[in-house]
Amino acid sequence: MLIIGIAGGTGSGKTTVVNKIIDSFPAGEVAVIPQDSYYKDSSHIPVAERSRINFDEPAAIEWTLLVEHLRQLKEGKPVEMPTYSYLTCTRQQETVHVEPRDVVIVEGILVLTDPVIREMMDVKCFVDADPDDRLIRVISRDCIERGRTPQMVIDRYQNVLKPMHCMYIEPSKRFADLIIPQGGANTVAIRLLTDYIESRLKK
């Protein structure tokens, strides 16, 4: 089993890169483990305070559970991946059944910040994008999917996303084996990555 880590700032195009990798392999050969599924449960926090949760720092993630699930997958055991609701900021009762696959992609803004997770990865990638492009994508996504107004998104970007990006996410780029500028539009970098994965699988 190959574990591929794909990190990058919010709105950098990580999901597009992941989808293009999946499309390059036969159906069912790649499993995806999103970091977002492992946010700590906040159901014990009053509803009025949940909007102030900082999702962009490593402390927001239940790393021990993510590590345990990756270890189980490497051992050939299926896992029940948690699900998380951004609307309620709580972990849901439903889980997602994930079977071991030849390729497991761990994707999220902070996946290169944790040393234990990094050590488990066979390839570490960082999807890079211009801050203005990322902000535009975040505004579009959060207004449509998370019910926020453009001003709410801009305020959160200035107060949380940008400082956390500079503090945690951007520095994690130095751990990457491959940096992918322009996100999913960089077909050359994605081709290099998929070719490498194929060569490792053949061995």
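Here are some worked exercises on the model above.

The model is predicted, so local features need pLDDT of at least 70, side-chain atom pairs count only at pLDDT 80 or more, and totals for chains, interfaces and linings use all residues. Residues are numbered from 1 along each chain as its sequence is written, and side-chain values use heavy atoms, with hydrogens and water left out.

**Exercise 1: the overall fold**

Work out how many helices and strands the chain has, and in what order they run.

Solution. Start with the count: the chain has seven helices and seven strands. Here helices (H or I, at least four residues) and strands (E, at least two) are DSSP runs, numbered from the N terminus. Next, read off the order from the N terminus: β-α-β-α-α-β-β-β-α-β-α-α-β-α. Now look at the radius of gyration, taken over C-alpha atoms, with a globule rule of 2.2 Å times the number of residues to the power 0.38. The chain's value is 17 Å, close to the 17 Å the rule gives for 203 residues, so the chain is as compact as a globular protein of that length. Along the principal axes, the C-alpha atoms fill a box of roughly 50 × 35 × 30 Å.

**Exercise 2: contacts, surface and charge**

Find what share of the contacts between residues at least 6 apart in sequence join residues at least 24 apart.

Solution. Contact means heavy atoms within 4.5 Å. On that basis, the share is 73%. Then turn to the surface: about 10300 Å² is accessible, and carbon and sulfur atoms own 53% of that. These areas come from the Shrake-Rupley method with a 1.4 Å probe; for residues, only the protein chains shown count as cover. Last, the charges: there are 25 positive and 29 negative side chains, and the centres of the two sets lie 2 Å apart. Lys and Arg count as positive and Asp and Glu as negative, with His and the chain ends not counted. Each charge is placed at NZ of Lys, CZ of Arg, CG of Asp or CD of Glu.

**Exercise 3: the nonpolar cores**

Identify the residues with the most contacts inside the largest nonpolar core, and the elements that supply it.

Solution. First, burial: buried means under 20% relative accessible area, exposed over 50%, and partly exposed in between (1.4 Å probe, protein chains only). Buried residues make up 47% of the 203 in the chain. A nonpolar core is a set of buried Ala, Val, Leu, Ile, Met, Phe, Trp, Tyr and Cys residues joined through side-chain atoms within 4.5 Å. The largest one has 32 residues, and those with the most contacts inside it are Ile33, Leu66, Leu70, Val98, Val106, Ile117 and Met121. At least two core residues come from each of β1 (2-8), β2 (30-34), α3 (63-74), β3 (79-85), β5 (103-107) and α4 (115-120). The largest share, five residues, belongs to α3. Zoom in on Leu70: beyond its neighbours within four places in sequence, Leu70 contacts Ile3, Val104, Val106, Ile117 and Met120. A second, separate core of 18 residues includes Leu2, Ile21, Val30 and Ala189.

**Exercise 4: Tyr84 and Cys89**

Decide whether Tyr84 is buried or exposed, and say what is unusual to check in the phi of Cys89.

Solution. Tyr84 sits in strand β3. Its relative accessibility is 13%, so Tyr84 counts as buried. Leaving out residues up to four places away in sequence, Tyr84 touches ten-odd neighbours, including Asp36, Tyr39, Phe55, Cys89 and Arg91. The C-alpha atoms of Tyr84 and Glu94 are 9.0 Å apart, with their positions 10 residues apart in sequence. Cys89 lies in the loop between β3 and β4 (90-98). With 8% relative accessibility, Cys89 counts as buried. Its phi is positive, about 60°, although Cys89 is not a glycine.

**Exercise 5: Arg134 and Lys20**

Determine which residues Arg134 touches, not counting residues up to four places away in sequence.

Solution. Arg134 belongs to helix α5 (residues 131-145). This arginine is buried, at 6% relative accessible area. Its contacts are Gly9, Thr10, Gly11, Ser12, Ala129, Tyr157 and His165. Arg134 and Ser12 are 122 residues apart in sequence, yet 5.4 Å apart from C-alpha to C-alpha. Now try Lys20, in helix α1 (residues 14-23). Lys20 is partly exposed, at 33%, and beyond its neighbours within four places in sequence it contacts Gly184, Thr187 and Ile190.
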